[in-house]
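This briefing looks at enclosed space inside a protein model and then at one helix and its surroundings. Please keep the sequence and the coordinates open while reading.

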Amino acid sequence: MRSIVKGDHPELDTSDLLDFEDTKIYQSLIGGLQWVIQIGRFDITTHIATLSRFRAAPRQGHMERVKRVYGYISKMRNSVIRVLTEEPDFSMYPEKMCDWCYTAYGGAKEEEPDDAPRPLGKRVVHSCHVDANLYHDLVSGKAMTGILHYLNGTLYDWYSKLQSTVETATFGSEYVAARTCSEQVLDIRLTLRYLGVPVETPSFMFGDNESVVNTASIPHSKLSKRHVALSYHKARWCIAAKVTRFYHIPGKTNPADIVSKHWDMPAVWDSLQPLLFYRYTPRISDQEDEDQQDSSTQST
């Protein structure tokens, strides 16, 4: 049995409803996994965000999925989030020199608190990866937003949640995710300043939708989809105010996929290992062994 299934859709499960006692067990198991996420296992965030929606009336198929997640946690138990204090090298991402003076964002500037303590120590560079999974929920049609935040080289925070609106194209869902990420960046930078941490550089945002990155970063771009106008303007204001810099990266190298999609190990291992399992060297055939065991069990 595979630990976690790629592209799974628990919302389509039509198996029998659990009885009262099993429902209490399901709720307890979900609560335990939510606690596990809080102490660092961000890799199961999307799966539990989906399964926790069925706590009131879970089905047998939902219980089986929760058991698979526990099996995955048991097998991949040696996880560690490294604390890396050195500043990351983003020299390969040059600053885009744009003139925003003749746009609606002319004079935009980040608000800094007047009552924050004097910054001490080494400065901190904040960066984040953002992604959206269009049509994540096949019942409501909503997309999933996934965001990873880093302070220097340390993974600091993670976010995985269904979007509140239904988008009809990847462009719209990615812009909603970019707006959510921009708002979180503002909150994190304000928190750091109140903690007396030097924040001297813009935050680096990385996304895998080139159209969103370009339209947000270029002053003369035009918006053709008015229903995402607020997300569009929020992301652009943060760039004009030098709060963020937005850069495009290939989708295969975007670690935000871990918190925006239902995945299996081979699909995300290259991104997941350096973040959570840098001390673990699994056999390449681990997943193949599981598949062979499944097939042999079925044949018997």
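A cavity here is a set of points on a 1 Å grid where a 1.4 Å probe fits but cannot get out, and a lining residue is one that has an atom within 4 Å of such a point. The model is predicted, and it holds two cavities of 30 Å³ or more. The points below take these cavities in turn and then move to helix 6 and T244.

**The largest cavity**

- The largest cavity encloses about 100 Å³ of space, and among the twelve residues that line it, I4, D8, H47, L51 and R65 are the closest to its centre.
- Two elements, helix 2 (45–51) and helix 3 (60–75), give two or more residues to the lining of this largest cavity.
- Sorted by class, the lining of the largest cavity consists of five nonpolar, four polar and three charged residues.

**The second largest cavity**

- The second largest cavity has a volume of about 50 Å³, and its lining is made up of V130, E174, A178, G207, D208, N209, V212, V213 and F246.
- At least two residues of this lining come from helix 4 (170–194), and at least two come from helix 5 (210–217).
- By class, five residues of the lining of the second largest cavity are nonpolar, two are polar and two are charged.

**Helix 6 and its packing**

- Helix 6 covers residues 229–240, and because twelve residues at 1.5 Å a residue should span 16 Å, the separation of 16 Å between its end C-alpha atoms agrees with the expected value.
- The buried residues of helix 6 are S231, Y232, A235, R236, C238, I239 and A240, and the buried residues of this helix pack against helix 4, helix 5 and strand 5 (244–248).
- An α-helix has 3.6 residues a turn, so residues three or four places apart point the same way.
- After helix 6 comes K242, which has a positive phi, near 60 degrees.

**T244 in strand 5**

- Is T244, a residue of strand 5, buried or exposed?
- T244 is buried because its relative accessible area is 2%, whereas the cut-off for a buried residue is under 20%.
- Leaving aside residues up to four places away in sequence, T244 touches V185, P202, S203, M205, C238 and I239, and of these contacts C238 and I239 are also listed among the buried residues of helix 6.

Conventions
Residues are numbered from 1 along each chain as its sequence is written. This is a predicted model: local features need pLDDT of at least 70, side-chain atom pairs count only at pLDDT 80 or more; totals for chains, interfaces and linings use all residues. Side-chain values use heavy atoms; hydrogens and water are left out. On a 1 Å grid over the protein atoms alone, a cavity is a set of points where a 1.4 Å probe fits but cannot get out, and a pocket is an open set with protein on both sides within 12 Å along at least five of seven lines; lining residues have an atom within 4 Å of a point. Grid points are joined across faces, edges and corners, and a volume is the space filled by probe spheres set on the points. Helices (H or I, at least four residues) and strands (E, at least two) are DSSP runs, numbered from the N terminus. Ala, Val, Leu, Ile, Met, Phe, Trp, Tyr, Cys and Pro count as nonpolar, Asp, Glu, Lys and Arg as charged, and the others, Gly among them, as polar. The expected span of a helix is 1.5 Å times one less than its number of residues. Buried means under 20% relative accessible area, exposed over 50%, partly exposed in between (1.4 Å probe, protein chains only). Contact means heavy atoms within 4.5 Å.
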